[in-house]
Amino acid sequence: MPELSQRRRRLVLAICCASIVIVVMDISIVNVALPAMRRDLPASVPGLQWTVDAYTLVLASFLVLAGSTADRVGRRRIFQAGLAGFGLGSLLCGLAPGIGWLIAARVLQAGGGTMLNPVALSIVASTFPGRAERARAIGVFGSMSGLALGLGPIIGGFLVDSLGWRFIFWVNVPIAAAAIVCTALFVPESRAARARRFDPVGQILVMLVLGSVVCAIIESSRLGWASPLILGLLAVAVLGVLGILGYEPRRADPLLELRLFRSVPFSAAIVMALWGLCAFGAFLFVTTLYLQDVRGRPALLAGLCLLPVGVMIVVLSPLTGRLVGRRGPRLPLAVSGAALALGGGASVWLGPVTPLPGVLAVYLLFGIAVGTINPPITNSAVSGMPVSMAGVGRQTGTALGVAISGTIVGSALARGGMAFTSAAHGVWWMVLGLGLGILVLGLFSTGRWALGTAGRAAALFEEVDLGDRRARPPMVGSPGANRR
């Protein structure tokens, strides 16, 4: 890749940041619009769950494939295709005449979005070759994710109240179009020196596992856990896991690199990403319904009530990143787990007439939890290892959080008031347990023995990967090809 001027590098970073903002914001911005969608389309609670989960599920299923395809085909080309797919999907979401059409359009939108996050990060990493400069650029890129999560409910509330819920999707279209043009003008093409080969069997197995689990949870509220369909979906998920464990280790380029899980910090980071975003996804889903349907707040005011969450994420994410760099991930993980547990426990006491300052104080705890968990998870998961696995954990966690919470509160939503808040207690007890789990796992995974397993796993990964590279001819245009 040719050497770029400092101004050109900053333009590339800005383009990549714009892509991550619209993709991540669509996870949280939609939650504020759920009550309006339910009234306008109309939609059932499972329909609302699928509106959120169809998006996060596709993101989780194809993150690894999108990254490896971009390494092989060309990052700029895949990035532009992702922007086009995301923009088209957003346009169709805003035009959807019913909930089924909306869910289908969300799948298309997520199909484009899955090409943006990992590919944009690879573009940023290749654009900034210096170690310190690259670290700063990735820090800026990562902070945009927290900013998007925090601003999503506020922007969504404003658009729903002023223009209608369809504009939360239409606003993405001009941004995606501008990003496509800017990518063509300023982002150079790049590929990996050795791209991983396509693993169709592994991809199908991952889709079966994630899709079956989420579908079973959402539909269980309507069919019951003893339904033959639900039992069949759970059986498919179990067989999919067994298939992954049996098939993936035998591939030279597996979709899921199971050797990485020999590292306790890496395995713990994936689990904590799953738990943390499961709790946050449940929080967003239940809270937006609570603020609008139980307390009667308009969408904009509901979004503003979530401002403490966004402020904490924006303020704490960069501070936590610096703390992790100086002292390691243990303290931030402990703070995140404790804050999440306290937030879940305190939410049990929220009712239809709870004073607003008390409600906002509880939401502050969730902002602290999210603002302090992302940097240590990223640091633990990606120190010398692939970045896409942490993203899979986050998106899967969000999908599960929405699925579980909707199943718990769905039947009580129509009754409103105390019926809804009483049903939501199950969600908050789950969040409390997940927070305690993060606290314990964070302390365990940062101990001396756990860190030793990370070093051994990284050495094994590098040794096997080096042997594999020596066994294959390098790609045309790579440094190795020029030396031969």
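Reader: Taking contact to mean heavy atoms within 4.5 Å, which residues of helix 1 meet helix 2?

Author: On the helix 1 side they are Ile22, Val23, Asp26, Ile27, Val30, Asn31, Leu34, Met37 and Arg38. Their partners in helix 2 are Leu48, Thr51, Val52, Tyr55, Thr56 and Leu59. Helices are DSSP runs (H or I, at least four residues) numbered from the N terminus.

Reader: And what are these values based on?

Author: The model is predicted, with local features needing pLDDT of at least 70, side-chain atom pairs pLDDT 80 or more, and totals for chains, interfaces and linings using all residues. Residues are numbered from 1 along each chain as its sequence is written, and side-chain values use heavy atoms, without hydrogens or water.

Reader: At what angle do helix 1 and helix 2 pack?

Author: Helix 1 (residues 6–40) packs against helix 2 (residues 45–73) at about 165°, and their axes are 9 Å apart. Axes are fitted to C-alpha atoms over the stretch in contact, with angles from 0 to 180 degrees between N-to-C directions.

Reader: What lies in the loop between helix 1 and helix 2?

Author: That loop contains Pro42. The peptide bond leading from Leu41 to Pro42 is cis, its omega being near -25°.

Reader: Where is the kink in helix 1?

Author: Helix 1 has a kink of about 50° at Ala33, shortly before the proline Pro35. The bend is the angle between axes fitted to the seven residues ending at a residue and the seven starting there.

Reader: How far apart are the end C-alpha atoms of helix 1?

Author: They are 49 Å apart, which agrees with the 51 Å that its 35 residues should span at 1.5 Å a residue (1.5 Å times one less than the number of residues).

Reader: Turning to helix 4, which of its residues meet helix 1?

Author: Leu102, Arg106, Gln109 and Gly113 of helix 4 meet Val23, Asp26, Val30 and Met37 of helix 1. Helix 4 covers residues 99–113, and its axis comes within 12 Å of that of helix 1, crossing at roughly 170°. Val23, Asp26, Val30 and Met37 also appear in the contact with helix 2.

Reader: Moving on, where is the kink in helix 9 centred?

Author: It is centred on Ile217 and amounts to about 30°. Helix 9 (residues 200–223) has end C-alpha atoms 32 Å apart, in agreement with an expected 34 Å for its 24 residues. Gly224, just after helix 9, has a positive phi of about 90°.

Note on methods
Helix = DSSP H or I, 4+ residues; strand = E, 2+ residues; numbered from the N terminus. Contact = heavy atoms within 4.5 Å.
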